[in-house]
Amino acid sequence: MIELEYPFDSAYIMKKRKSIKRTLLSDSSSRLKKKIAVLGGSTTNDIVSVMELFLLNMGIEPTFYQSEYAQYWQDAMFPDEELKSFQPDIVFIHTTYRNISAFPTTSDKPEDVENMLESEFDRFKQMWTAVSERFKCPIIQNNFEMPLYRLMGNKDCSDYRGRENFISRLNMKFYEYSMETSNFYINDINYISASYGLKKWLDPLYWNMYKYALCFEAIPEFAFNTANIVKSVFGKNKKALALDLDNTLWGGVVGDDGAEHIQIGQETGVAQSYFEFQSYIKAQKDLGVMLTVCSKNDEENAVAGLNHPEGVLKPDDFIIIKANWENKDRNIADTAAQLNILPESIVFVDDNPAEREIVKAQIKGVAAPKMDGVENYIQTLDRSGFFEVTTFSEDDLKRNEMYKANVQRAARQATFDNYEDYLLSLDMNAVIDDFTPMYIQRITQLSNKSNQFNVTTKRYTAAQMEDVFASEDYIRLYGKLTDKFGDNGVVSVVIGKKRENTLHIDLWLMSCRVLKRDMEFAMLDTLVSKCRQQGIGTIRGYYYPTAKNSMVKTLFGTFGFEKIEEDDSGNTVWELNIENYQNKNHVINVHGNESLQ
Amino acid sequence: MTEEEIYEKLNEIFQDVFDDETIEVDELTTADDIDDWDSLEHINLVAAVEKEFGIKFKMGEVSTMKDVGEMVEIIMERI
């Protein structure tokens, strides 16, 4: 919804939020339901109601628990019945510098301040520990914004007695904790308040009158920033950029002006702005965002523009280059299909408002931010939070290479008559075995973002996955696939729960980048052999239909399971007696965890 | 801006904030006349009025305004 996309009109959102909510809820899209406990050190009502709008717009339908006024610490340490039974999926601790219990005074010695810092930090740490032990869910914690005044003036930041200094040191302690603790995310209000304007943000009227720790009109900025973390934790980030070229990645029109005359590099201010923007995009790639081109151009000209010696981005940086005269929505749909991702996980970046309109009208859920003036490009993309980083795995670093290898594989496929010959020619090697700590983060990440090849679409937080990993009641498998073009990383996960001599499949997912490689058969072979070792005779599979997982509707059927139940909504239950099971994979060499050493 | 024009704008703001197109305010309208007008919505309302007319209420005024008439008087003084 355009009203909720960055840069948004905060006053409009605050005024119209009731009707915005009505519109969002009436669009009949299916959303992930999540329970969010907001433990506040100041008033949170309007924050929650605006956060709800952003989350609805991002595909999450939240229900909230809110602490009584300023009861965050009590609620975390000694939750009441309501909070206990609420069982949050995520806890958001909304504290600000107003909640710091003691600040240094001018007569304090350095060791007094040191103690003060430790005890303040401990107060927070106790709370985080209590929350994570009880609820086993992710925590979002605000850092502290800078204070309303500086008692010592400029020295307030550098002297150990200064409040500004104290706050900065406390923030550093929060960051250290967050670096060593998974499932713990800092909501950077220090940055957001500075960017908004600290003077306005801290308008004392709102604190004194309503006990809001920020001014009323800043609430949307704050709520949006927080909602971005939530949606990223629950796997709703975007995955790829589809970039226009002329007047988006460089100034001018390469087809008209010639590659030597486009604006990119260090010559002029405009050229430098495009250079900065290209550098920003290149850095996104290093974070695991997939880059593609979507431009109305002859391909030859597009490539010539990208080969400009002063440019940062080269043709090789892109997985797919669509430079043709087709409609852009067609090209984006094609790109999504080629990458095996949903069109709605693409961000379309184009300076032309007409192109953005067409794409948005044709492809539901695609993002097309308003790119208005090259000097604003970076901020617009950056603040939109499309790719908000909450976990960062090895695979993210390699993603572009993996997808590029995929496109090469597709090119090879065309030259084989027999599909099995082609698969054999790929020299595929897999590691399929019980989870190992090294991959647990990636496994959790997959459970939260696989939509298509996923029979139950069951989501796991990092803490829940740790529990599964630690328990004797499950048979767990992850699968990692390598071939002659590269390492695909961990691409498949299966979790089954043992009950008597039957294994019930809780989760069976696979990344779409390895579709049609027989990887699912290799997984099944190993699963059956693990079952045999543990005296299990029957495997029961479950399929729950969603808008996106129809490709695995008959997966268990393909495996040779019998359908034993089906209800009105299309949920099916399948069963396989493994006594006479014969291995189905003949193209992948399978190894166990010992091969990782 | 005439008093009449101010009331016209106020009606729009009230309708947006309380999401009810039937609301018509006059000088005697108070929080008791509108169901959802509690202390929380009051902040929202005040912020929307300030924004629309480009004015700021003083801290004391926000809590002591007793009806819409008083609000309009303050608006007339400041615009």
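## Domains of chain A

The domain assignment splits chain A into three parts: domain 1 (2-233), domain 2 (240-384) and domain 3 (421-596). Please keep in mind as you look around that this is a predicted model. The centres of domain 1 of chain A and domain 2 of chain A, taken over C-alpha atoms, lie 35 Å apart.

## Parallel strands β1, β2 and β3

A good place to begin is strand β1 of chain A, residues 32-40, which pairs with strand β2 of chain A, residues 60-66. The two run parallel and share 7 bridges. One residue pair to find on screen is A:L32, whose bridge partner in β2(A) is A:I60. Between the two strands the chain passes through helix α2 of chain A, residues 45-57, and this β-α-β crossover is right-handed.

β1(A) also pairs with strand β3 of chain A, residues 90-94. This pairing is parallel too, with 5 bridges. Here A:A37 has A:V91 of β3(A) as its bridge partner.

## Strands β4 and β5

Further along chain A, strand β4 (residues 139-142) and β5(A) run parallel and are joined by 4 bridges. A:N142 finds its bridge partner in β5(A) at A:N187. Together with helix α6 of chain A (residues 163-180), β4(A) and β5(A) form a right-handed β-α-β unit.

Which residues of strand β5 of chain A (residues 184-187) lie on its covered face, and which on its uncovered one? A:Y185 and A:N187 make up the covered face, while A:F184 and A:I186 make up the uncovered one. The general pattern behind this is that side chains in a regular strand alternate between the two faces of the sheet.

## The largest nonpolar core

The largest nonpolar core has 71 residues. The members that touch the most others are A:F54, A:V91, A:L214, A:I219, A:A223 and A:V230. A:V91 has come up already, as the bridge partner of A:A37. In soluble globular proteins, nonpolar side chains tend to be buried together.

A:V230 is worth selecting on its own. Leaving aside neighbours within four places in sequence, A:V230 is in contact with A:I36, A:L55, A:I60 and A:I90. Of these, A:I60 was met above as the bridge partner of A:L32.

## Backbone details in chain A

Near the start of the numbering, A:Y6 and A:P7 are joined by a cis peptide bond, with omega about -5°. A:P7 sits in the segment before α1 (10-25) of chain A.

Two residues other than glycine have a positive phi. A:N183, in the loop between α6 and β5 of chain A, has a phi of about 70°. A:N183 counts as buried because 20 C-beta neighbours lie inside 10 Å. A:D518 has a phi near 65° and belongs to the loop between β13 (502-510) and α21 (519-533) of chain A. A:D518 is buried as well, since 20 other C-beta atoms lie within 10 Å, and 20 is the cut-off for that label.

## A buried loop methionine

Is A:M371 buried or exposed? A:M371 has 21 other C-beta atoms within 10 Å and is therefore buried, although its place is in the loop between α15 (353-362) and α16 (374-384) of chain A. Not counting residues up to four places away in sequence, A:M371 touches A:T248, A:V349, A:D350, A:D351, A:Y377 and A:T380. A:M371 and A:N352 are 19 residues apart in sequence, and their C-alpha atoms are 7.8 Å apart in space.

## Where chain B meets chain A

The contact between the chains takes 14 residues from chain A and 11 residues from chain B. On the chain B side, α1, α2 and α3 each supply at least two residues. The largest share, 6 residues, comes from α2(B).

Helix α2 of chain B covers residues 39-53. Because a helix rises 1.5 Å a residue, its 15 residues should span 21 Å, and this agrees with the 21 Å between its end C-alpha atoms. The buried residues in α2(B) are B:I43, B:N44, B:L45, B:V46, B:A47, B:A48 and B:V49. Their cover includes α1, α2 and α9 (204-210) of chain A, as well as α1 (3-17), α3 (59-64) and α4 (68-78) of chain B. After α2(B) comes B:G54, with a positive phi near 65°.

Conventions
Residues are numbered from 1 along each chain as its sequence is written. Chains are lettered from A and ligands numbered from 1 in the order in which they are written. This is a predicted model: local features need pLDDT of at least 70, side-chain atom pairs count only at pLDDT 80 or more; totals for chains, interfaces and linings use all residues. A residue is buried if 20 or more other C-beta atoms lie within 10 Å of its own, exposed if 12 or fewer, and partly exposed in between; C-beta atoms are placed from the backbone. Two strands pair if DSSP finds at least two bridges between them. A crossover is right-handed if, with the strands pointing away from the viewer, the path from the first strand over the helix to the second runs clockwise. The expected span of a helix is 1.5 Å times one less than its number of residues. Two residues are in contact if their C-beta atoms, placed from the backbone, lie within 7 Å. Domain bounds come from an automatic or database domain assignment. A nonpolar core is a set of buried Ala, Val, Leu, Ile, Met, Phe, Trp, Tyr and Cys residues joined through C-beta atoms within 7 Å.
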